[in-house]
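Please walk through this protein with the sequence and the 3D view side by side, pausing at each residue as it is named.

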Amino acid sequence: MQRSLAFFLCLLAISSSPLWGQTTAASEDRVNGLEERIRSLEVEVQSLKAALQMVGTPPATAAPTTGLAQTATAPLPVYGGATAGSKLLNPDIGVIGNFIGATGHNPLVPSPSLSLRESEFGFQAVVDPYARADFFVAIGEEGAEIEEGYLTFPALPGGFLAKIGRMRTSFGKLNPLHSHVLPWADRPLIVYNLLGGEPGEADAGIRDEGVAVSRILPAPAGIFLEGTAEIYQGNAGDLFQAERRSDVSSFYRLRGYRDLAESTNLEVGGSYARGHNELGSDFITHLAGLDATLRWKPLRRAIYHSFIARSEFVWSQREEETDKQRAFGFFASADYQLARRWFAGARFDWSEQARDASLHDSAQSVILTYWPSEFSQIRGQLRRTRYAEDTTANEFLFQFQYNIGAHGAHPF
């Protein structure tokens with residue numbers, strides 16, 4: 001009883017003191033301030049809602065000059081609205097121009113003095129969470145064609161990746177690459193002598209319609225290993241031709257990659273292909289290939305200096321009516337980055353001819369390339385070719401390449 005009475009007297013003394021009145025007044029001021037802030041936020045929210053509703057409609061005739069009414073009637077920019085919606089329905093589009101000029105004398109394989117050798121249109125987009133599509137249309141001197149058009153499923157069960165459509169086959173390191181990615185103005189002799197390419201093609205190489213499946217394989221620590229198996233319709237230029245549905249062609253590739261040091265790596269690959277040639281279903285052409293790529297790029301000076309050495313060897317066995325033609329060819333090249341925008345390189349070619357292995361051609365090239373930016377490049381190539389017909393061609397090729405729009409990365 002005495003404790004309760006003492007507590008009551010204390011409360012009475014505190015409430016009657018001046019300090020208690022000041023504390024109560026301060027609390028009421030804070031509450032009033034919060035209420036004002038809430039009311040102002042409500043007004044701002046309502047004005048923003050009104051502005052969003054008016055996006056895409058003509059502005060009011062009489063535009064207010066001050067106050068919240070101006071915010072409510074003037075259309076506000078919307079970022080990611082219509083633009084994002086249209087992006088969902090349109091693929092990334094890019095165009096690459098490849099202009100090549102030639103001087104000198106080549107009586108066996110003449111080329112125009114000036115020509116837009118190829119214009120490549122690329123269309124790339126994600127189809128859905130499970131696939132993406134890539135289409136590349138090449139327009140050259142002979143007309144337009146679909147160079148590649150395929151659907152990729154990157155995450156199939158079991159760690160597999162699949163491609164379906166028209167593709168450049170995975171034979172070797174060079175064949176899957178488009179011409180504008182190469183460090184030269186032309187392609188090596190093995191492409192024309194052994195792989196069925198034509199000098200006048202916009203982007204020579206083996207390509208066909210089919211299905212490709214690849215998977216990363218188990219390997220020792222520090223080694224990347226990938227296997228690829230492909231089956232195609234069986235029509236690839238002069239290399240393979242199918243007379244029946246069963247005359248399909250098949251390709252297999254195994255490649256391995258390893259870092260030798262923090263700035264150096266090595267990639268080695270082996271390839272095999274089998275298909276029917278133009279003599280009929282009973283005549284088979286076999287191809288075997290071995291390639292190696294050595295890269296050096298110092299981490300601290302990566303944009304100023306680098307070095308790449310490439311080499312590829314191809315063996316061909318072509319069945320004919322009387323015997324078998326066994327031919328061999330290779331190329332070796334080296335490219336060094338002199339400065340941020342300057343590259344110098346050299347390449348040596350030697351190749352027998354698939355239809356007559358007793359004949360062989362050879363060539364040497366020296367290349368200098370300047371990159372004004374990553375979207376354009378200027379290249380000069382001095383090429384000396386000695387043909388089996390005992391004819392020597394000395395030529396200077398100059399190339400201008402330019403890219404507009406989006407263009408996805410190519411295989412590493």
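A good place to begin is the lining of the largest cavity, which is formed by Arg168, Phe171, Leu174, Asn175, Arg187, Val191, Leu195, Ala204, Gly205 and Glu312. The model is a predicted one, and a search of the whole structure finds one cavity of 30 Å³ or more, with a volume of about 50 Å³. Sorted by class, the residues that line the largest cavity are five nonpolar, two polar and three charged. Rolling a probe the size of a water molecule over the atoms is what shows where empty space is left.

From the cavity we can turn to the strands. Strand E1, residues 92-105, pairs with strand E2, residues 114-128, in the antiparallel sense, and 10 bridges hold to this pattern; within it, Val95 has Phe121 of E2 as its bridge partner. E1 is also joined by 12 bridges to strand E16, residues 391-405, again in an antiparallel arrangement, and here Phe99 stands opposite Phe400 in E16.

Just as instructive are the contacts between charged side chains, for which the count comes to 21 salt bridges. In one of them Glu145 meets Arg207, with the closest N and O atoms 2.6 Å apart. Because Glu145 lies in strand E4 (residues 143-156) and Arg207 in strand E6 (residues 207-216), this pair ties together parts that are 62 residues apart in sequence. The two partners can also be described by their accessibility: Glu145 counts as partly exposed at 30%, whereas Arg207, with a relative accessible area of 6%, is buried.

Another salt bridge links Arg347 and Asp186, whose closest N and O atoms are 3.0 Å apart. Arg347 belongs to strand E13 (residues 342-353) and Asp186 to the loop between strand E5 (160-168) and helix H5 (189-193), so the pair ties together parts that are 161 residues apart in sequence. Arg347 and Asp186 are both buried.

Are the partners in the salt bridge between Arg386 and Asp390 buried or exposed? Their side chains meet at 2.4 Å, N to O, and Arg386 is partly exposed with a relative accessible area of 41%, while Asp390 is exposed at 55%. Salt bridges that share partners also join Lys173, Glu226, Arg255, Glu267 and Arg295 into one network.

Asp390 deserves a second look for its backbone, since its phi is near 65°, a positive value in a residue other than glycine. Asp390 is found in the loop between strand E15 (376-387) and E16.

How values were computed
Residues are numbered from 1 along each chain as its sequence is written. This is a predicted model: local features need pLDDT of at least 70, side-chain atom pairs count only at pLDDT 80 or more; totals for chains, interfaces and linings use all residues. Side-chain values use heavy atoms; hydrogens and water are left out. Two strands pair if DSSP finds at least two bridges between them. Helices (H or I, at least four residues) and strands (E, at least two) are DSSP runs, numbered from the N terminus. On a 1 Å grid over the protein atoms alone, a cavity is a set of points where a 1.4 Å probe fits but cannot get out, and a pocket is an open set with protein on both sides within 12 Å along at least five of seven lines; lining residues have an atom within 4 Å of a point. Grid points are joined across faces, edges and corners, and a volume is the space filled by probe spheres set on the points. Ala, Val, Leu, Ile, Met, Phe, Trp, Tyr, Cys and Pro count as nonpolar, Asp, Glu, Lys and Arg as charged, and the others, Gly among them, as polar. A salt bridge is a side-chain nitrogen of Lys or Arg within 4 Å of a carboxyl oxygen of Asp or Glu. Buried means under 20% relative accessible area, exposed over 50%, partly exposed in between (1.4 Å probe, protein chains only).
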